[in-house]
Amino acid sequence: MSTIVADPIQSAPTGRLSPSPQFQSSRAKLLVVLALTILNLWASTIFAEEPAKRFLSRLREEGYFDQGLKYLEISAAKNRLPESMKADLPLERVILMQDSLKSVKTQQQRDERIAAIEKGYRDFLSQSPTHSRRSETQTKLGDLLLDRGQSALDESKKPENVVSSESWRSKSRQAYTETVDLYKKIYEELKPILESMEGDKIKTIKIEGKALKELTELREQYRREYRQAQILEAKTMDFLAQ
């Protein structure tokens, strides 16, 4: 008799009834165990790739960021991640850490996590100068710097910080200025890449072994990120001027 294993993504409840923290934690752990069981049953990474990505996406949607980190850790240790996810594992971990900031309870924990996230992004950018997700990573680092700038600006306005107000404002300006430089770097780096992908040129380039369809999708992604970087740079500069 064959055993039917339910897909945790399809069978997991989708209703929002504000379950207790204990129930949420137990449910998240159960989802991780179920996903790992399924990936163990599927020896071929061809079949495991899509469920693994979908499951990680589901954990993100449900706000189970720490469980997502645990899922990546266990899957990597058991060598059950598809090749495409292995290549981006360090980046996926940092992105999950950034997503989890909203659930951090203390300021000290938040500061420590932000420092770890920034280091993770900078390490990735330093070690992967030609990675196809480089501009995406730079944009996420920009989000982090913007958050730092806004936090410092908020601190400068607190009555208890009247003496150190200018120091906080200086930190805020520094973060926003660094963000502007980062956005400028994004579209300056993307410009020659997009030029090399124009028209039929795309058929002759090689990026991470991607097929033509994937390269075409990547070109559209780069175009969006190029325009986004220009817009964000302009908005951040306008904010600084004010």
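Helix 3 (45-62), helix 5 (83-87) and helix 10 (212-241) each put at least two residues into the lining of the largest pocket. Keep in mind that this is a predicted model. The pocket holds about 630 Å³ of space, and its lining counts eleven charged residues. Beyond the pocket, helix 8 (residues 134-156) is worth a look: helix 7, helix 10 and helix 6 each pack with helix 8.

**The largest pocket**

- The pocket's volume comes out at about 630 Å³, and 20 residues line it.
- Which residues sit closest to the centre of the largest pocket? They are Lys53, Ser84, Asp88, Arg133 and Lys210.
- Helix 3 gives the largest share of the lining, with five residues.
- Sorted by class, the lining has eleven charged, five polar and four nonpolar residues.

**Helix 7 against helix 8**

- Helix 7 covers residues 107-127, and its axis comes within 10 Å of the axis of helix 8, crossing at roughly 150°.
- Angles over 145 degrees count as roughly antiparallel, so helix 7 and helix 8 get that label.
- The crossing of this pair is left-handed.
- On the helix 7 side, the contact uses Arg110, Ile114, Ile117, Glu118, Tyr121, Arg122, Phe124 and Leu125.
- Helix 8 answers with Arg134, Thr137, Gln138, Lys140, Leu141, Leu144, Leu145, Asp147 and Arg148.
- In class terms, the helix 7 and helix 8 contact splits into eight nonpolar, seven charged and two polar residues.

**Helix 8 against helix 10**

- Here the axes come within 11 Å and cross at roughly 20°.
- With angles under 35 degrees counting as roughly parallel, helix 8 and helix 10 are therefore roughly parallel to each other.
- Which hand does the crossing of helix 8 and helix 10 have? It's left-handed.
- Helix 8 brings Ser135, Glu136, Thr139, Leu146, Gln150 and Leu153 to the contact, while helix 10 brings Tyr222, Glu225, Gln228, Thr236 and Phe239.
- That contact of helix 8 with helix 10 breaks down into five polar, four nonpolar and two charged residues.

**Helix 6 against helix 8**

- Helix 6 (residues 89-99) packs with helix 8 at about 25°, and their axes are 12 Å apart.
- That angle makes helix 6 roughly parallel to helix 8.
- The crossing of helix 6 with helix 8 is left-handed.
- Leu91, Ile95 and Gln98 do the touching from helix 6, and they meet Glu136, Thr137, Lys140, Asp143 and Leu144 of helix 8.
- By class, the helix 6 and helix 8 contact has three nonpolar, three charged and two polar residues.

**Helix 8 residues that turn up again**

- Thr137, Lys140 and Leu144 of helix 8 take part in the contact with helix 7, and these residues also appear in the contact with helix 6.
- Glu136 of helix 8 figures in the contact with helix 10 and in the contact with helix 6.

Methods
Residues are numbered from 1 along each chain as its sequence is written. This is a predicted model: local features need pLDDT of at least 70, side-chain atom pairs count only at pLDDT 80 or more; totals for chains, interfaces and linings use all residues. Side-chain values use heavy atoms; hydrogens and water are left out. On a 1 Å grid over the protein atoms alone, a cavity is a set of points where a 1.4 Å probe fits but cannot get out, and a pocket is an open set with protein on both sides within 12 Å along at least five of seven lines; lining residues have an atom within 4 Å of a point. Grid points are joined across faces, edges and corners, and a volume is the space filled by probe spheres set on the points. Helices (H or I, at least four residues) and strands (E, at least two) are DSSP runs, numbered from the N terminus. Ala, Val, Leu, Ile, Met, Phe, Trp, Tyr, Cys and Pro count as nonpolar, Asp, Glu, Lys and Arg as charged, and the others, Gly among them, as polar. Axes are lines fitted to C-alpha atoms, for helices over the stretch in contact, and angles run from 0 to 180 degrees between N-to-C directions. Angles under 35 degrees count as roughly parallel, over 145 as roughly antiparallel, 65 to 115 as roughly perpendicular and the rest as oblique. A crossing is left-handed if the near helix is turned anticlockwise from the far one by less than a right angle, and right-handed if clockwise. Contact means heavy atoms within 4.5 Å.
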